[in-house]
Structures are given as C-alpha cells and as structure tokens.
2 protein chains.
Amino acid sequence: MDGMTAAPVLERLRAALPAGTLLDDTGGHRHDEAEWAPHGTPAAVVRARTTADVLATVRACLDTGTPLVPRGAGTGLSGGANAVEGCVVLTTEAMTAIREVDPQERLAVVEPGVVNDVLRAACAEQGLWYPPDPASAPWSTIGGNVATNAGGVCCVKYGVTRDYVLGLEVVTGTGEVVRLGRRTAKGVAGYDLTGLVVGSEGTLGVITEVTVRLRPARPPEHTVAGYFSSAVDAGRAVAAVAQARLTPSALELVDRHCLAAVDQWKDMGLSVDAEVVLLARTDAPGVAGEQEADAVLACFERSGATWAARSTDQAEADALFEARRLAYPALERLGPVLTEDVCVPVAAVPEMLARIEAAATAHDTLIANIAHAGDGNLHPLLITPPGDTAARERARAAFERIIGDALALGGTVTGEHGVGLLKRGGLRAELSPAVLAMHRAVKAALDPRGILNPGKVFDVR
Amino acid sequence: MDGMTAAPVLERLRAALPAGTLLDDTGGHRHDEAEWAPHGTPAAVVRARTTADVLATVRACLDTGTPLVPRGAGTGLSGGANAVEGCVVLTTEAMTAIREVDPQERLAVVEPGVVNDVLRAACAEQGLWYPPDPASAPWSTIGGNVATNAGGVCCVKYGVTRDYVLGLEVVTGTGEVVRLGRRTAKGVAGYDLTGLVVGSEGTLGVITEVTVRLRPARPPEHTVAGYFSSAVDAGRAVAAVAQARLTPSALELVDRHCLAAVDQWKDMGLSVDAEVVLLARTDAPGVAGEQEADAVLACFERSGATWAARSTDQAEADALFEARRLAYPALERLGPVLTEDVCVPVAAVPEMLARIEAAATAHDTLIANIAHAGDGNLHPLLITPPGDTAARERARAAFERIIGDALALGGTVTGEHGVGLLKRGGLRAELSPAVLAMHRAVKAALDPRGILNPGKVFDVR
C-alpha cells in the first residue's frame, strides 16, 4: 500500500474517501465462505459508511477501469464476493442504520449492512416480522441477502428475499445514485428494476439502502418430527404433505451424517436410529395450527415414518431446528465442504436423493444432506479430508454429476445460494444461449464499462 | 387489405401464417378500454394460435421494421394495447389451452389467452387457487394480466400477478423463443428476467406461455361492511386495521356515486345513507377468521362508522362485492370515464381522498371513487357528459392534478393498471432521469430494433 507504487485507483480512492474508509489490511476480504472457489488479491478494500463513500468508490473504479467487487458479511457459499485480481472490494457491512420501521405501512428502511437477525429483532419489537431467514441470519447482512435473493427455512410458506424487497437505493454502473421501486403496497410504474437487481450478485449495481415489506408477527409454531429409514420414504412424506393441500411454515430434511456431526460437536443427544429426519412446523392461527400439525403428522405416519410425533416441548423443538442450522458448520469441522444448492420439483425429491447417493458411491465421496424439502431445495454437502487432493477431484466430479442430475429432473443448479463462481458452468447448462445472451445484453446496458463484479454469474464476452 | 397496395409486412405475414390467422377486419383490435387514449390504425391484425404464429409475426415485423402491438382481451385501462399507426396488432386471445394444473408442484402452465376466471375455475376443481383477481377477471386473459402485472381485490393479503409468475415462454425482440424462469419453488440461476417481463406492457417480448404458482384453496371468507359519513373517517378505519396488525383478505372502498350508479343500472337496492362504504373480508381458518372479522368490525366502529356489521348472509355479502366490481361499467353508462390508478402510502389515504375531492371541485368534474383501500390504491373515476369538450378539458386537468398530488404524498401514478399511454407523463414525473435512462437501456438491450409496442410506457429516444 505504498503511494509510490499504488495503482491509479488507490490514489483516486485516497483522495476521495474519508479517513478510515480505505482498509490497510485486505486479507479479511478476499473471499466468501465458498472455500473451493478461486479468488484474487484486491488492490484495495473500501469499508463504506455512506452512500457518498460508495459513489466515490464506483466513480474511482469507472475512471480507472478497475473491477469492483461489492460484498456484505461474506457469508456467501458460491464465491460471488470473491476478489478479482487487482479489484477494489467494497464492503457495506459498516452501513448498519435501521432508518425506519413503519407498522402502518408495514415496511422498514435499512442500510445494507444491517444483519438479518438484527432487523428481525427490531421488527419484532413492533409486532412485525421480516420473514426471510437464511441459516446465516445471525451474521449475514440484508445487502448480501438482497444481492443473492437469499432464501431460508420459512420460504416454503412465505417466499424468498425478492418477495420482501419493495425498493432500493443503488449506485449504478454508470456512477449514479438511483432510487428504484417504491414505498407503496403496489406499483407498476415502469420495469421491475428493483426485482432485477435482487439476486444479481453485485453485477448490476451496489445496494446502499433497502426498503423491505413486513408482515404482522405470526402465531406460535407447532413442530412435528419424523424419522425415516430411507430418503425415499421421507420424500414420499413430503409429497403427501403437498397432496393434502397443507402448507407448513417449515419442512426440513436432515440426514444422519448431519445429526452425527452436530452431536459430535455440540453433544445435543440428537443421533437417532434413522437415515433421515423430517422437521415440520405449522403456524396457522389457533386451533387451525394444531390441526395442521396433526395433519402433517398423519402424512409422516402413513408414508412409513419409523417414529413421528408432535413436539410438546418447545426447547426440544428449537434444538431440532438449531441442529439443522448448525449442520453446515458442524460438517466444516470434518474438512472442506463443497455445498450444492440444487432445487428440483417436489415430486422429484426422492429420485434426486437417490441420485445423490449414487453420486456419493460412484465418486467415493462422503455426502451429507440437509434440504428445504418442502421447496425441493437440496443441499448435498460434499466433504473431503483436509489436504486430500484426490478426494477433492472426486468431490468435484460428484458435484458436477449432481448438477447434471438436477437439471435432468427439471430442476435448477441454484435454489438460493446464487451462481457466483461455483455454479457458472451449471448456469451455462441450465440457460439456453439465447437467454444467456439476454443476460449479457442487460449487463452491458446497465454496466457498460463492465466494472461491477465482472466474471461472476456468467462470463462477460 | 388489397395485395397491390399492402405494406410489405402484410405480404410477409400472408406468406408466413396459416389461413385464418390474419384477420380481415382490424376494427375490433384498435384500442383497449382506455377511451381517452389515442390510437392509430393497424396495417394488420394477427390472431395467433401457436407460438410459431407469434414467432413468424415478430420476425415479419423485425424484417420490415414494423411496430408490433401485442394484446390479450383488450380490457386494459391505460392504452397499452392501442394500435400504433401502421403497426401489426398481435392478439394471443385464441391461445387458450390450459396445459397443466399440478397439485403437487402447485403450479399451472397455460397459454396466454386463458381467461383469468377460467384458470381460477380449473384450479378450484383440484382444490387449488390462483389468487390474482382483477375486476376484469371474467374477461381478461392471463397474458394481459402478466403483461400489466394486474392486481385486484385480494392483493392486500396475497400480492399481485408478479408474485405468482414462476416462468414464461416469450418471443423476444430479436425473434427468438426463450424460456425464462423455472418450474421449481425456488431458483436464483441468473437475473430475474421473468419478473422483468411481467408488467413490461408488451415492450420487452410477446408472452406465449405462462407458468403460474398456485395456493391451496382457502377457507370461506367472512364479510364486514361499514358506512362512513366522510372519506376521512373511512381512511381512519383503514389505518386502524393496519395498526391492529390485521391483514384482511380484502379491504375495499366504494363511494356513494358508485353505489348510486350501480343501483340505477342493476336496481340492487344498495344506495345507502353514507358517503363511503368500506367492505372487508377475512379468510383465516376456523375461529380465527371469525375473530379477525370481529376485530375489523371493531376498527370500523371506533373509527366513526355510522353503521357497521358482519354480514351473515352470503348472498348479501356477494352482492356488495359485485357492486364494487360493477362500479366501473355502471359509471361508464353515464359518460366517458377517465380512470386514475394512483397508489399512496396507507396513512395518506384520507389526505389523498380529500385532495381528490378538492380536484373535483376546482375543475368542476364529477369524480367517483372506488379503491383497494387496504393497499392505498385509489381509482378516482372522472366522468364527463358525452360530447362535452369543455368538460373533457376540465377532467384532463383534474386527472393531472391528482397524479401530482399522489406523487407529492409519496405515491405512484399507477398501482396496477400500467402506464400505457395515459400515464407516460406521470411516469416521467415519478422516475428520475437516471432511472428513465436505465429503462431505455434495458429496452434497447432486449428490443434493439425497437419494434415491440413502441411509445408505450415511455418515449424511446
């Protein structure tokens, strides 16, 4: 970081930004949680505190033709926030103001660095609820959630981040601050540029403010757990829930590998004599919620559950869901984890689980499974012993095979994590050349200099 | 339609399309229901039966540089489907196949010409529900609903058309058939081009197939009616419902002008001694739904309702909502109607209603009001005596004033009808030049020849 040898962009940033905004140490901001994705070394890391900081950074990059990689907390699992060699990494994690929570309009206006759980707590104080609940909710930021269109456990009933974004302030690829969307409940004035930016993984603009839609706080949930001796039985239970026209507020699958890893770490006494555990919740108000839970239980039982029950103990119910949330870090302790995020039609869940098992066998790779089963969104977690290059190669082959299987079953390569770097090949396989050309045309239209997170999601020709 | 003098596009279409696809009489397809919007005379009207027909039509327009105006049933209220002089009008109303209703995946795949109510009936047969319910539901088509991102009565709880569109088949502005979106519950593979096309009013592509998300059929609704002696009181009741954290499944406002017009036409015995009537519905399951209805009733009563009650008579409740749906055609019988579609923050509803009244007085114009009050989406209906040019000028001035007032209150010029031709000025006032430039850039990227519904929504430079 010597001024004599600094890249032109660094000089521009030093001149334009307030003291303390340009970080001396770039080490902590080189990549996200996708350990397997490549990353370069940034020329600079900017920790923006204001929209003006973001604007100055974008303009410095524009003027010097420097790639800009925006990021939030860096909890992504696809490499979307990984540094491009010589880029400027711009983190909005220090923009943490909750500007407004409005009970009447049912919206909140927040800066992008607000942590998901912090927003949820602020809403809860006013009897309101921000539903999107990725497993990273205690650490990930709303800006990152919006950039990746994050999902979570409650999506099966309440939808994903995009469903809750009413409006955005964005610094564009042409170096302007724009307001997209609205504060009103409805609005069709022009194209849905808000929705276009949601999930665009930093390739169309840098998010500097988010207006989210809120719901009233919901009734307490009821929990149902079921043990199954095969993935096929569990898949049949998921199908039975849909066929019964039920909409649980959560319908999660955790396999024995995950439960064992969590137990080994946290000693929660979870290891069970089952191949697969299904966890469901219902939140209809009053008696209807209990009836709904009973109906889910009946679906589990008639689909071959070896054991199933409604949980009457809230602590026990919470522990089961906590175990699901801890599965990923627990498995990471065993070695580098390559995370899949395929999403298939619900009817194809049993077949997809069988194909994952086949991939594990064929490529001699340990694959654990957690899944938002009610959405058909599966997270096979491919685990390799640390330092074992051959195992990594085998895991990589299994990863590609699973992506191919998901597409063959009418699914998508990414249900909620985003494309980033890890799923670029999958995206090319999923989208037709004409649709990829539409992506490139939109990207070129809104980022004509190509500075915004270049090379993420798709190659820019 | 003489071959000797026909435009080149007509010759191309004759050569490319099956018999019966090119209509001889263009008279019925020159404009939508926005009587006040200008329209030209089309060179040809194509009534497509297949995607291939649409593709051939788009390619003929591309090759000859002819404007293409896509349309569904023509029930729009903004002039979005109005013919551009010398254009090809392409209607998809004959593409009426329901290809699939899948209870397990909770989706339906339909051609764009399927009428909204027909889809809803097909879903109901399988215990499923397609929520978007514009007042035009008995006549309007899913293709048009998607192109305008149509709203309706149930939006206040269940959202708008965009919330239910999973995937689209589209013929692009470069003459290709593409599939956008997905069939899975979730998916983040690339930009949300599906959502971008929804609400783009035919300017980004021609919709040839729609995959919609469905919900399970819902419990029976409970109806609450309240009479208010002023719009301000009614607005206070709407605010009270939000503050009580209630989410009714409908919260509609109808004023005495509308009720009188419906009564005069249908003799439904609706005229009441009230300035404004609020109609609410709740649909929580079981006892919770009744409790919710009682809570809404309490909000009405403590906000100054002169009379309020839960309807115990389903026929009576249905009649009240039918009257709301018939308000527009009933008022049209009195003279040409200029329809507003402003949407303001819910807290601003009383102030907006007061400003509408002030506009009526200032410009000596009869303005009736229907409103999706729970969404802040107001439809002031400006009525002029047939043939009275001076009255039309006054109404036009009142129209512009109301648009300005809505923007001043933090609202949008169009909540659900679309921009079309009537709200282009409003759009320019609502969006910043930078955001308008983004619109033009996206339009140029996806429709580089500028043939798709040119001049609608915004001027193409």
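This passage describes the sheet, the helix packing and the relation between the chains in a predicted model.

The model is predicted, with local features requiring pLDDT of at least 70 and side-chain atom pairs counting only at pLDDT 80 or more, whereas totals for chains, interfaces and linings use all residues. Residues are numbered from 1 along each chain as its sequence is written, chains are lettered from A and ligands numbered from 1 in the order in which they are written, and side-chain values use heavy atoms, with hydrogens and water left out.

Chain B can be superposed on chain A with an RMSD of 0.0 Å through a turn of 180° and a shift of 0.0 Å along the axis, the fit being by least squares on the C-alpha atoms of residues with pLDDT of at least 70 in both copies. The two copies are thus related as by a two-fold rotation axis. Of the interface residues of chain B, 100% are also interface residues in chain A, so the copies meet through the same surface.

In chain B, an open sheet of 5 strands with antiparallel pairing follows the order S5-S6-S10-S8-S9; strands (E, at least two residues) and helices (H or I, at least four) are DSSP runs numbered from the N terminus, and two strands pair if DSSP finds at least two bridges between them. Strand S5 (98-102) and strand S9 (177-181) of chain B are the edge strands, each pairing on one side only, and the twist averages 15° from one strand to the next. Strand S8 (residues 165-172) and strand S10 (residues 205-213) of chain B pair in the antiparallel sense over 7 bridges, and Val206(B) in S10(B) is the bridge partner of Val171(B). Helix H2 (residues 51-64) of chain B packs on this sheet, touching S8, S9 and S10 of chain B (contact meaning heavy atoms within 4.5 Å), and its direction makes about 45° with that of S8(B).

The axes of helix H7 (residues 231-243) and helix H9 (residues 287-302) of chain B come within 8 Å and cross at roughly 140°, where axes are lines fitted to C-alpha atoms, for helices over the stretch in contact, and angles run from 0 to 180 degrees between N-to-C directions. H7(B) and H9(B) are therefore oblique to each other, given that angles under 35 degrees count as roughly parallel, over 145 as roughly antiparallel, 65 to 115 as roughly perpendicular and the rest as oblique. The contact is made by Ala237(B), Ala240(B) and Val241(B) of H7(B) together with Val296(B), Cys299(B), Phe300(B) and Arg302(B) of H9(B).
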